[in-house]
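Biologist: Could you take one part of this protein and walk me through it slowly, as you would for someone in a first year of study? I would like a close look at the place where the ligand sits, and then at what lies around that place.

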Amino acid sequence: PVVILREDYRPPAWLVPETRLVFDLDAHATRVHAILSVTRNGDHGEPLRLDGAGQTPLSVTVDGIAIDDWRLEGEQLVIPLSGGQHRVETEVEIAPDRNTQLMGLYASGGNLCTQCEAEGFRRITYFPDRPDVLSRYAVRMTADKARYPVLLANGDPIATGDLDGGRHWAEWNDPFPKPSYLFALVAGDLAVNRGTFTTRSGREVALGIWVRAADLAKTDHALHALKLSMAWDERVYGREYDLDVFNIVAVDDFNFGAMENKGLNIFNSRYILADADTATDHDYDGIAAVVAHEYFHNWSGNRITCRDWFQLSLKEGFTVYRDQGFSADQGSAAVKRIEDVRSLRAAQFPEDAGPLSHPVRPDAYQEISNFYTATIYNKGAELIRMMATILGPAAFRAATDLYFDRFDGTAATCEDFVACMEEASGADLSQFRLWYGQAGTPRVSASIDHVAGGGRATLRLAQRVPPTPGQPTKRPMVLPLKVRLFGAETATPLTDERLILLSDADETLVFEGVTERPVLSINRGFSAPVIVESDRSAADLAFLSAHDDDPFARYEAMQQLMLDTLVAGAIEGRADHDAVIAAVAHTLDDPDLDAAFVAEAVLLPSDAFVGDQLALVDPDAIFRAREALRRDIGVQLQDRWRLAYDRAPAVPYVYSPTEKGKRRLRNVALGYLAATDAADVAALAFEQFRAADNMTDRQAALTTLVNGDAEERQAALDLFYARYADNALVLDKWFQTQALATRDDTAAVVTRLAAHADFSLANPNRARSLIGAFGVNQRAFHQADGAGYRFLADQLIALDQLNPQTAAKLLPPLGRWRRFDQGRAALMRAELERIVATPGLSRDLFEQASKSLE
Ligand code: HT7
Ligand code: ZN
C-alpha cells in the first residue's frame, strides 16, 4: 500500500488563485468545465499536477489552446507548463447517480449534492486537491428547472436565469479563498425555512434551512440553534459571520454528520430534522451541537484551514472544544461534561488501546478518511481544553484572538496553534507538545498518606503512557490535574482546589494543615484525559459521591464505585452490592441535586466500559455481573424508583434542560423497575409507549420492552414500525433498538433484520443503525460461536463495494481480538483475514483490517 508521511510535506508547486466551474447538471451525465488560473509557486520546473479520480479528461486547454502533451500518471493529470501564469481548462463528464461512495457529486433523494472533504473534489474535476491550495471560486450551474428548481453553491448568489428546453441557470461567487474540500453545490426540489441574523457590526445575514417540503415543519430547532451559535461565537470568541448568506441543506444519504462548506453547510438529515413525535431529547441535543460545530468551522476550519491532513485536529479538535462549550452553556455544564467524558471513554479510549491507535497529529496514513476518528476529534478537543486550563480563561481568549488574527486566510498547523497559546500567555508548552505526537491514554496512579493526628498529607503521583503501535516507548507528558482534599469526618473541604501540572514520571506533593483523614478528589472536571488508578476504598468513593463539590468528580466517584463492584462481580462471580446501593439511594434522596445530574450519576457503566478494565474480557460474566447489580439496585430501591417514575414531566412536550432532565430520570427509573421483574412493569412500559406525546419517552419504553420477554414486546415493535414506516430516521431507531437489545437472541435477530425489506446498505444511516449498533453490543457481538463476527465481516465486504468509507468506519469492533479469549480471538482474526483476502477491497477497508491483524 502507498503510505503518506507527514514528514514528506512540501508546499504546492502551483497555486490556483482563481477557479471558475461551469456545471451542466444531470443525474446520469454531468459535464464539468473547470477554468483554473494557475501561478508557479517558486523557482522550479515542475509540471502542473491535478488530482482526479474515476474520470478522464474530455479536453485540456492552456491559455485557450487545446493541448495534447498532457499525460495521466495514475489518476493525476500532468500538464507541462512553460510560464509563470496560465489559464488551464479541463472538461470531464461524471455520473452522480452511479456514485454510491457519496463522495464528490452524488444523488440523494432525487437531488444532487456534493461532499468534498477530504478528497472528494477530485471526483468532480481535475484540481490540486489538497487543503493548502486556496482559491476563489465562481460557479455557474445549469439544470432542468422542474427537477432541480433550487440551485445553491458557496458564497453569495450573483444571478439566475431561464434557458430553452426547460432548463435554468444560477451563478454563485465565493469571495473567500478556500481549499477544494470546502467546495459545495446543491441542485434540487427543496423548501426553505428562512431566518435572519444581525451580526454585532450590523450586517444582516440571510439564513436558510433547505429540506424536502414535507420536512419543513421539522427545521425550527435547527434554525434556532444556528442563531444561538452565531451569537455565542461573537460573545465567547469574538468571531463574526462574514458572508451575506448562510445556507444549510439536509440530505438523507451522508457518510458523516455534516459538512462545513463555506456558506453552504450540507447535513445528514438526522442532524437537522426534529419534532417531538420523531426526535428524542438526545436528537435535539445532537442537532444543536452539530449545527454549532459546523457553524464554528467558519472560523476554525474555513477562515483558517489545515496545511495538510495530518493537521486535521487543528480544525476538528478545536471545533469540538468550541461546540462542547456552546452546548455546556445551553443547559447543565456538569451533565454536558459527563456526557463528553462518557463518549470519550466509549470511543477514544478503546481506539487508543487498540491496533488503530494513532497520535492526535498522525505521522502516516494510507487513506485519510480513516483518520476522522475519536482521537482526532475528541482527544484533540481534550488537548485544547488542557491548554485552556493551563492558561486560564483570559490568556486562552487572548491566544485564540492571536491565532485567528495571525493565520486568517491561511492553511496552518497544530504547531502554529500551540505557538499562539505560548506567545499570548508566556506559558512554556514545549513538553505539552508531546500530547500531539504520543498516542495512548496515560495512566496516573495516585495515593495519599496521612499520619493520624499530624497536619501533613503526602500525595504520590506516577504516570505511565502505554506503548502503542509504532511507539514502544513514551516520555512523560504534562498532565494538568485538578485536586482537592476533603475531611473524612467533617465532610468539608480541607484545601482549595489545586491545579497540579504533573510532568515527571513520579512526583510527590505535600499538603499542610490537613487535620483529619483526607479523602482525595482528583482529576476534577476530568481536567486531563487520563485513567486514574487510586487506592481509594469503596467507603471513600461513596463519601465523594455524596460530598464532593465538583459535580463531575461526584459522578466519577460513583462510577468508580460501580466499576469496582462490577469488575469484582465479573471476576469472582459475585460481589457485595451494598455500597453501590447505599450511594445510589443517597443520590436519589439528595434534594439539592437536579434530575438531569441524578439520572447520569445513578446509571451503571456499560458492559463495554467494564470490559475495558479487564485484561481479558469475558462478555457473559460481565453481563451477568451487571444484570445482578442492576436487579439489586432495582429491587432494593424499588420504592424510590416508583416515586421518581411518578414525577411526570410536562405535557405537552417541552424541550428544555429541566424537562429533559425529568424525562431522563423517569426513564432511568423505568429501566431499574424493569430489572425487578415486578409484574406490572411491562404494562407500565407499554402504557408509556402508547400514551407518550414524544419520541424520548416512546423510545425509552420501547427499549425497555425490547430488552425483555413480555408479550407487549412484539406489539410495541409492530406498532412502532407501522407508525413510522415512512420515516427513515425513526425507522433507524427501530433497527437500532433491536441491535442493541440485551437478549440472548440478538445476533440471530440482527442477521434476520439484515434481510428485512427496509434494510439497505446503500444508506449509511441505515447501515450504521443495524451494523454499527450491533458492533457495540458487547455480549451479542461476541457470542461465543462467532456468529456476530461472521455477520459483521459479511456485511462489511458487501458494503465495501458500495461505500468503502462507511464500511471502514464499522470495522473496529473486530480489531479488538487481543482482549478476548483464544477461541474468540481466533474467530475474529479469521474474519479479518477473510476481509483482507477479498479481491478488489478498497484502500479504506484494507487499511483498517490489515492494521487490526498486526
Ligand atoms: N469536517 C467534516 C468531515 C466530513 C467528512 C469526512 C470524511 C468523509 C465524509 C465527511 N463528511 C464530513 C465534518 C465535521 O467535522 O464537521
Ligand atoms: Zn468538524
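Modeller: What follows begins at the ligand, moves out to the domains, and ends with two pairs of helices. Please keep in mind throughout that this is a predicted model. Around ligand 1 there are 15 residues, and among these E117, N255, F256, M259 and Y372 come nearest. If we sort the shell around ligand 1 by class, we find five nonpolar, six polar and four charged residues. As for the elements that build this shell, the strand β20 (258–259) and the helix α2 (281–296) each supply at least two of its residues. The shell also draws on two domains, since at least three of its residues come from domain 1 (1–41 + 48–101 + 113–185) and at least three from domain 2 (304–437).

That leads us to the domains themselves. The assignment for the protein chain lists domain 1 and domain 2, with the bounds just given, together with domain 3 (443–528) and domain 4 (607–853). Between the C-alpha centres of domain 1 and domain 2 the distance is 31 Å, and the contact of these two domains takes 14 residues from domain 1 and 15 residues from domain 2. On the side of domain 1 that touches domain 2, the residues divide into eleven nonpolar, no polar and three charged.

Now to the helices. Two packed helices are described by the angle between their axes and the distance between the axes. Helix α10 (residues 551–572) packs with helix α11 (residues 578–589) at an angle of about 155 degrees, and their axes are 10 Å apart. Because angles over 145 degrees count as roughly antiparallel, α10 is roughly antiparallel to α11. Their crossing is left-handed. In this contact M558, L561, M562 and T565 of α10 meet A579, V580, A583 and T587 of α11, and by class the contact has six nonpolar, two polar and no charged residues.

The other pair is helix α17 (residues 681–691) and helix α18 (residues 695–706), whose axes come within 8 Å and cross at roughly 150 degrees. By that cut-off, α17 is therefore roughly antiparallel to α18, and the crossing of α17 and α18 is left-handed. Here A682, A685, F686, Q688 and F689 in α17 meet D697, R698, A701, L702, T704 and L705 in α18, and the contact of α17 with α18 holds seven nonpolar, two polar and two charged residues.

Conventions
Residues are numbered from 1 along each chain as its sequence is written. Chains are lettered from A and ligands numbered from 1 in the order in which they are written. This is a predicted model: local features need pLDDT of at least 70, side-chain atom pairs count only at pLDDT 80 or more; totals for chains, interfaces and linings use all residues. Axes are lines fitted to C-alpha atoms, for helices over the stretch in contact, and angles run from 0 to 180 degrees between N-to-C directions. Helices (H or I, at least four residues) and strands (E, at least two) are DSSP runs, numbered from the N terminus. Angles under 35 degrees count as roughly parallel, over 145 as roughly antiparallel, 65 to 115 as roughly perpendicular and the rest as oblique. A crossing is left-handed if the near helix is turned anticlockwise from the far one by less than a right angle, and right-handed if clockwise. Two residues are in contact if their C-beta atoms, placed from the backbone, lie within 7 Å. Ala, Val, Leu, Ile, Met, Phe, Trp, Tyr, Cys and Pro count as nonpolar, Asp, Glu, Lys and Arg as charged, and the others, Gly among them, as polar. A residue is near a molecule or strand if its C-beta atom, placed from the backbone, lies within 6 Å of it. Domain bounds come from an automatic or database domain assignment.
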